[in-house]
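Biologist: I'd like to learn how to read a model like this one, feature by feature. Could you put it up and walk me through it?

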Amino acid sequence: MSTHLLDRKDVDERLTWDLSGIFKTEEEYEATVKKTEELTKELEEEFKGKLTTPENINKCLDKLRSIAELLTLAGSYAYLAVAVDQTNTENLQRQMKFRNVASNIESRISFVDSEIIQQEEEAINKAIEGSKENANYLKEILRKKKHALHPEVEKALSALSPVLEVFEDIYNMAKLADMDFGTFKVEDKEYPLSFSLFETKWEYEKDAKVRRAAFEAFYRKLKEYQHTIAAVYQAQVQKEKIIATLRGFDSVIDSLLFPQKVERDMYERQIDLIMENLAPHIRKFAKLLQRIHGLDEMTFADLKLEVDPDFEPEVTIEEAKRYIEEGLSVFGEDYREMIRRAFSERWIDFAENRGKATGAFCATPYSAHPYVLINWADKMREVFVLAHELGHAGHFYLAHQHQNIFDSRPSLYFIEAPSTMNELLMANYLMQKNSNDKRMKRWVLSTLISRTYYHNFVTHLLEAAYQREVYRIIDEGGSVTAPTLNKIKREVLEKFWGDAVKINEGAELTWMRQPHYYMGLYPYTYSAGLTIATQVNKRYLEEGQKALEDWKEVLKAGGTKTPVELAKMAGVDITTEKPLLDTIQYIGSIIDEIIKLTEELEK
């Protein structure tokens, strides 16, 4: 992997995504934005003040669907261009301009929900009976009725959305554009450092001196920005509290769970059970890493070490395509065809370049195909990351075929289930393919632990535990500063790791690494999704194809059901603690298996 990042213009085009899948030309983009503005004007003239009959309500919503589709396409186009190159001012300007247009449109159409919400329940129920396409949208409006504000207030909030949504942008600018990590030195040798290099390379570096030096340098730089980022985050949570109070919620947490259609006890259970029951298993895994790597002590800076760092198979993009296609072929031909298209039609941005977002994500513009961003490093572990993102792609590819734009997105609680399900299927496939190779088997199992489960059940869960403490302070009328956030983060880490891992100086700043805190109660949903996926995969291994057929029906259902109902369709009851305890036990059994394989290999 090259440590010197290219400018976007110098990257091989075949490694980049092709946004012409959304718009062929800049003119087409401009025309769509214009058309959306015109439709909005028409909608306003035709229906404002007139949403008093079921007929008008449905006619208006039919038109609103078209606006939503065009807006999503234009928004995705503007956003995706910036995601791969934050240094391109032209793209940044386009995105900012689009945001202003979008907030103006959202403000102008905010009367729709407000007027419908003011109607008698009987009229809304009649409208629900009158249109299958709008029924779920209207049911959701009924659910929100008691938290709705006066139409003028809703309009003002919509108009303010560019300002209210700016905090994540400020965070990203500081992190990706302003922070210059320079280089760090170990024994007279200089090494380059950046956010991306730290997260994709140095955290996994097996030379302890280099790894720990990178850790120190990285966190030293974060520390310089801690008060600024804390102020941005404080503004974010304060905004969430103000809106929660305005809408009549007692707590920010309840307000953020409301759109997820999740009960408070499901949220609390996810955090409490994992903090309590998973910790002993994961500490055991940390101890194994310490033994394998011969470390005097296990520190927070060492947690990303591989069980077998000399055995990370190298994989080209071409080979990855083959693996993923075969591994996920259990879903049948239509799914396989989607994966082929993702590669051949350039839905995926593999390139590493300056100004590109770190990590990986999948964007799913309605009525176009999905787009996946990844920073490809020619390692087998990227196959899991790519399978994960293609899980999101496959989910919305199917949901968009079977649901309209109002009905396509399920609750955030469920979003990570299809993606993590794909990681488990990849693991099944690689284990079968290499069933006689103990070393490969151990590599797959330890990747499942250190990537799939660690990422979702530890990293994001510890974020969730930290986030819950922040919201408790905010709910009690307090505020948070950098020292407070550092203290909360350190306490969460120390509680989970006990005396198995020393929490290095700087580790408490880990809260500065994650954009998830600007997305509501997102972090805990990773372990929720993976709990569902683990149970579905278990069912598949026990019962075979029927489990996957059920799962595909779940994917097609999109947002037409609650998380509890979707899980039930797949044969999982998430209203009890059983699936979660089962999953924790399963994680423990994989760790025991890794320890056993390690002992056999050492003999």
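Biologist: Let's start with one residue: in which loop is M512 found?

Modeller: First, the ground rules: this is a predicted model, where local features need pLDDT of at least 70, side-chain atom pairs count only at pLDDT 80 or more, and totals for chains, interfaces and linings use all residues. Residues are numbered from 1 along each chain as its sequence is written, and side-chain values use heavy atoms, with hydrogens and water left out. Helices (DSSP H or I, at least four residues) and strands (E, at least two) are numbered from the N terminus. M512 sits in the loop between α19 (482-497) and α20 (523-543).

Biologist: Is M512 buried or exposed?

Modeller: We call a residue buried under 20% relative accessible area, exposed over 50%, and partly exposed in between, using a 1.4 Å probe and protein chains only. M512 has a relative accessible area of 1%, so it is buried.

Biologist: What is M512 in contact with, beyond its neighbours within four places in sequence?

Modeller: Contact means heavy atoms within 4.5 Å. By that rule M512 touches Y171, M179, F195, L222, Y225, Q226 and I229. For a sense of scale, the C-alpha atoms of M512 and E133 are separated by 42 Å, and those residues are 379 apart along the chain.

Biologist: Now zoom out: how many helices and strands are there in the chain?

Modeller: There are 23 helices and 5 strands. For overall dimensions, use the radius of gyration, taken over C-alpha atoms, against a globule rule of 2.2 Å times the number of residues to the power 0.38. For 603 residues a compact globule would come out near 25 Å, and the chain has 24 Å, so the two agree. Along the principal axes, the C-alpha atoms fill a box of roughly 80 × 55 × 50 Å.

Biologist: What share of the residues is buried?

Modeller: Buried residues are 58% of the 603. As for contacts with a separation of 6 or more, 77% join residues 24 or more positions apart.

Biologist: Which residues have the most contacts inside the largest nonpolar core?

Modeller: The general idea is that nonpolar side chains tend to be buried together in soluble globular proteins. A nonpolar core here is a set of buried Ala, Val, Leu, Ile, Met, Phe, Trp, Tyr and Cys residues joined through side-chain atoms within 4.5 Å. The largest has 150 residues, and F184, L386, W497 and W551 have the most contacts inside it. Helix α18 (residues 438-475) gives the most to this core, with 18 residues. Apart from it lies another core, of 51 residues, including I67 and L142.

Biologist: What about backbone angles: which value is phi of E187 near?

Modeller: Most residues other than glycine have a negative phi. E187 goes the other way, with a positive phi near 45°. Its place is the loop between β1 (183-186) and β2 (189-192), and E187 is exposed because its relative accessible area is 62%. R346 also has a positive phi, near 55°, in the loop between α15 (333-344) and β3 (348-349). With a relative accessible area of 22%, R346 counts as partly exposed.

Biologist: And where is V11?

Modeller: V11 lies in the segment before α1 (26-47). At 12% relative accessibility, V11 is buried. Beyond its neighbours within four places in sequence, V11 has contacts that include A351, E352 and N353.
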